[in-house]
Amino acid sequence: MDLDKIISLIRQGKHIHEETVYTLCLNAQELLINEANVSKVDTPVTICGDIHGQLHDLLTLFDKSGGVENSRYIFLGDFVDRGFYSLESFLLLLCYKLRYPDRISLIRGNHETRQITKVYGFYDEIMRKYGNSNVWRYCCEVFDYLSLGAVIDNKIFCVHGGLSPDINTIDEIRDIDRKQEVPHEGAMCDLLWSDPDEVMTWSLSPRGAGFLFGKNEVDNFLYKNDIELITRAHQLVMEGYKEMFDGGLVTVWSAPNYCYRCGNVAAVLRIEDDLSRNYTIFDAVQAQNGVGNAIIPTKKVQMDYFL
Amino acid sequence: MANNEENRDIRSRQGINTIIVNSARNMHMKTVNARIPQKSTPQPLSQQQNPQWNNFMVNRGTQNTSTIHQRFKSPLAPRTQSTRHVCNNPNNPPCAHCGTTIIPSPKAFMPLEDNPEIIINNWKISTKKKPILNSVELEDWENNKLKGLALPEMIFGNNAITIQNIEKDWTLQFNTLDALKMVKLEDSGIRVSYSNKWLDAKKNNATKNSNQKSDIDESSLKIVHNYDWTYTTEYKGTIKQNSKDSVEYNFQRDDEVQLPIDKLSRSDKILFFDDMILFEDELADNGISVLNCKIRVMDERLLLLSRFFLRVDDVLIRVIDTRIYVEFDENIIIREFKKYEDQYSSVLSRHRLSHSYDPKAALRDSNWVVANSPLVTRECEILKF
Ligand SMILES: [Mn+2]
């Protein structure tokens with residue numbers, strides 16, 4: 001199959017045939033099954049946060065950061081849901097992965113699951129675009145093979161959500177059987193869901209599930225693993241990135257104008273050979289004429305006689 | 001392994017099932033329509049029908065804003081074709097006066113701020129929209145203005161709708177900060193559906209690995225930071241009154257009062273319309289908590305609806321509506337407060353009786369939820385100037 005041609009179709013937002021998606025997904029699984037739970041990546045590399053189906057902003061991301069033809073990338077997950085182009089965004093990343101296997105690492109986010117995509121848009125999108133859920137199922141199969149983290153030059157740990165009290169060393173992540181739907185509890189769940197916060201120790205979220213971790217946990221993890229930074233995504237940041245705990249942890253967010261209405265900017269983080277950090281900020285693709293167009297919806301107010 | 005089986009299955013499950021297609025279409029209509037850009041706005045009168053249109057377009061950039069709409073009529077003037085409202089903001093899109101409705105067009109990019117307004121008789125209505133709070137603002141809210149609350153993910157903290165009686169200098173405003181100030185700083189008692197399962201697994205894990213494998217102890221499974229994570233707010237708006245005025249204007253509680261649905265059901269031309277979110281949180285993908293505010297202003301009256309909508313998946317549904325009704329000529333303002341609540345499963349079961357397609361789509365539609373949930377509280381207040 002002609003990956004470059006498919007990539008070009010996806011970049012134009014063209015319909016991708018169900019058979020093609022099937023083949024892509026199968027090939028991707030074969031490739032991903034051989035990858036470790038935590039992949040090792042060399043510098044220089046560009047770390048990208050949540051994408052959430054904003055294909056046109058993903059294209060901007062590649063434009064602004066050199067492109068996969070020229071540089072390495074780590075995506076921290078949450079490729080799908082919320083935006084209108086979850087499929088295209090995910091397929092583009094898969095194609096790049098197949099085309100340039102060692103230049104792109106895909107880490108699983110909490111949205112790369114059957115349960116979440118059913119509620120938050122990806123499933124709807126597939127039903128709308130294909131009239132059946134086959135393509136959604138093929139993609140969910142791939143989700144189960146995505147890795148759980150990455151380590152850059154043994155010095156920077158990348159994950160979607162955060163730390164887990166069940167995980168003291170990065171090596172322990174390698175023991176997880178990742179090829180499954182993300183469970184509602186356990187280390188795998190924590191890595192994809194937990195959030196940093198100003199807490200003294202591991203704390204239960206007031207929602208009754210999920211952990212919050214603080215500076216102590218981050219410092220411990222950095223020390224035990226002899227690393228200097230944790231990069232994660234998962235939480236919206238108006239400025240695109242936010243460093244916490246004296247620079248020991250950073251949140252990177254790469255979906256500008258999230259949900260087409262938040263007005264935030266996006267960022268990617270480039271790690272240079274000397275491990276220095278370079279943030280690139282970018283804006284959302286503008287709707288044309290200020291009224292939206294076929295690709296970029298605007299949340300134009302819809303007048304109605306509400307009661 | 002199960003995955004391999006499913007892989008093998010992928011091909012055999014191809015082909016389009018018509019029932020699935022139909023349900024997909026229905027679901028699509030229900031859930032996705034709202035997210036798709038509106039292709040057409042309510043039709044403006046054509047230019048031929050309304051010669052003022054051309055004048056307006058020509059004058060817009062050059063004239064003093066206050067003289068753009070100088071045809072301000074007395075309140076007693078017959079209101080058939082005449083216009084009696086005033087649009088002061090030069091950034092207003094063309095208004096009904098000039099051939100189309102004022103629908104502030106939000107541009108989601110900084111540093112734009114929409115701040116349109118309209119005046120009818122003694123009443124001035126204005127709205128304000130900006131992007132979500134930035135880090136500096138967030139820090140201020142977190143450490144000072146809303147100390148103790150873990151803030152919702154999206155705070156449109158500079159959005160507001162303001163209704164002002166100019167003569168009495170009395171103002172009723174719906175703003176994000178005051179709405180969030182009413183979120184309780186205590187445990188709501190509500191837990192996500194899988195909370196028990198999650199906690200049990202952690203506890204088992206902790207006892208099993210008592211040999212320091214796991215970092216957690218009992219205290220880590222207690223909630224340290226107590227606040228209502230559902231962000232439930234019974235906000236009814238913020239009243240501000242100029243202290244110069246010796247008379248204090250207060251709402252009088254009277255639950256007998258009803259909103260004049262007949263008058264509101266008429267298709268009177270909407271002169272001013274706006275719709276905005278004040279805050280929203282996805283509850284870490286366990287549902288949604290959103291406070292939305294919208295307003296429509298007609299020639300003789302206005303209606304504002306502030307709706308708090310909460311859905312905790314597989315747990316509960318809650319809607320809190322505050323409606324503000326103003327009758328301009330009579331200078332009457334009515335505030336109605338309604339609260340709906342039910343178990344998620346109960347609301348869902350009502351849906352199954354009447355529809356066959358994806359019932360969960362309906363649970364994302366607050367209008368459907370309101371129509372299918374029991375009314376728990378209703379209060380009404382009235383104020384006459
Ligand atoms: Mn996430």
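**Exercise 1. Find the bridge partner of A:Ile230 in strand E12 (residues 249-252) of chain A, then place strand E10 (residues 229-232) of chain A among its neighbours.**

Step 1. In this predicted model, A:Ile230 has A:Leu249 as its bridge partner in E12(A). The two strands, E10(A) and E12(A), pair in the parallel sense through three bridges.

Step 2. Now look towards strand E6 (residues 156-158) of chain A, which also pairs with E10(A) in the parallel sense, over three bridges. Here A:Ile230 is the bridge partner of A:Phe157.

Step 3. Finish with the faces of E10(A). A:Leu229 and A:Thr231 lie on one side, A:Ile230 and A:Arg232 on the other, and all of them are buried. Both faces of the strand are therefore covered, taking buried as under 20% relative accessible area.

**Exercise 2. Work out which residues coordinate the manganese ion and which parts of chain A the pair A:Asp78 and A:His160 ties together.**

Step 1. List the donors: A:Asp78 (OD), A:Asn110 (OD1), A:His160 (NE2) and A:His234 (ND1) coordinate the ion at 2.1 to 2.3 Å.

Step 2. Read their spacing along the chain, which is D-x31-N-x49-H-x73-H.

Step 3. Locate the pair. A:Asp78 sits in the loop between strand E3 (72-75) and helix H4 (86-99) of chain A, while A:His160 sits in the loop between E6 and helix H8 (170-174) of chain A, so the two tie together parts that are 82 residues apart in sequence. Both A:Asp78 and A:His160 are buried.

**Exercise 3. Describe how H4(A) packs against helix H7 (residues 134-143) of chain A and where H4(A) lies relative to E3 and E4 of chain A.**

Step 1. Start with the axes: those of H4(A) and H7(A) come within 12 Å and cross at roughly 45°. That angle makes H4(A) oblique to H7(A), and the crossing is left-handed.

Step 2. Identify the contacts. From H4(A), A:Leu87, A:Phe90 and A:Leu94 meet A:Val135, A:Cys139, A:Val142 and A:Phe143 of H7(A).

Step 3. Turn to the strands: H4(A) lies across E3 and E4 of chain A and runs at about 130° to E4(A).

**Exercise 4. Trace the open sheet of chain A that has the order E4-E3-E2-E13-E14, and find its edges.**

Step 1. The sheet has five strands with mixed pairing. Strand E4 (104-106) and strand E14 (277-282) of chain A have a single partner strand each, so they stand at the edges with one side left without a neighbour in the sheet.

Step 2. Check the twist: ignoring direction, neighbouring strands of this sheet are turned by 20° against each other on average.

Step 3. Zoom in on one pair. Strand E2 (residues 45-48) and strand E13 (residues 266-271) of chain A run antiparallel and are joined by four bridges, with A:Ile47 opposite A:Leu269 in E13(A).

**Exercise 5. Explain why strand E6 (residues 170-175) of chain B is largely enclosed by the rest of the structure, and name its partner strands.**

Step 1. Six of the six residues of E6(B) are buried, so the strand is largely enclosed. One side carries B:Trp170, B:Leu172 and B:Phe174, the other B:Thr171, B:Gln173 and B:Asn175.

Step 2. Strand E5 (residues 160-165) of chain B runs antiparallel to E6(B), with six bridges between them; B:Ile163 has B:Leu172 as its bridge partner. In the hairpin of these strands, four residues lie between them and B:Asp169 takes a positive phi near 50°.

Step 3. Strand E7 (residues 238-241) of chain B also pairs with E6(B) in the antiparallel sense, over four bridges. There B:Lys240 stands opposite B:Thr171.

Definitions and conventions: Residues numbered from 1 in each chain as written. Chains lettered and ligands numbered in written order. Predicted model: local features only at pLDDT ≥ 70, side-chain atom pairs only at ≥ 80, totals over all residues. Heavy atoms only, no water. Buried < 20%, exposed > 50% of the residue type's maximum accessible area, 1.4 Å probe, protein only. Pairing = 2+ DSSP bridges. Donors = N, O, S within 2.8 Å, 3.2 Å for Na, K, Ca; no water. Axes fitted to C-alpha atoms, helices over the stretch in contact; angles between N-to-C directions. Parallel < 35°, antiparallel > 145°, perpendicular 65-115°, else oblique. Left-handed = near helix turned anticlockwise from the far one by under 90°. Contact = heavy atoms within 4.5 Å.
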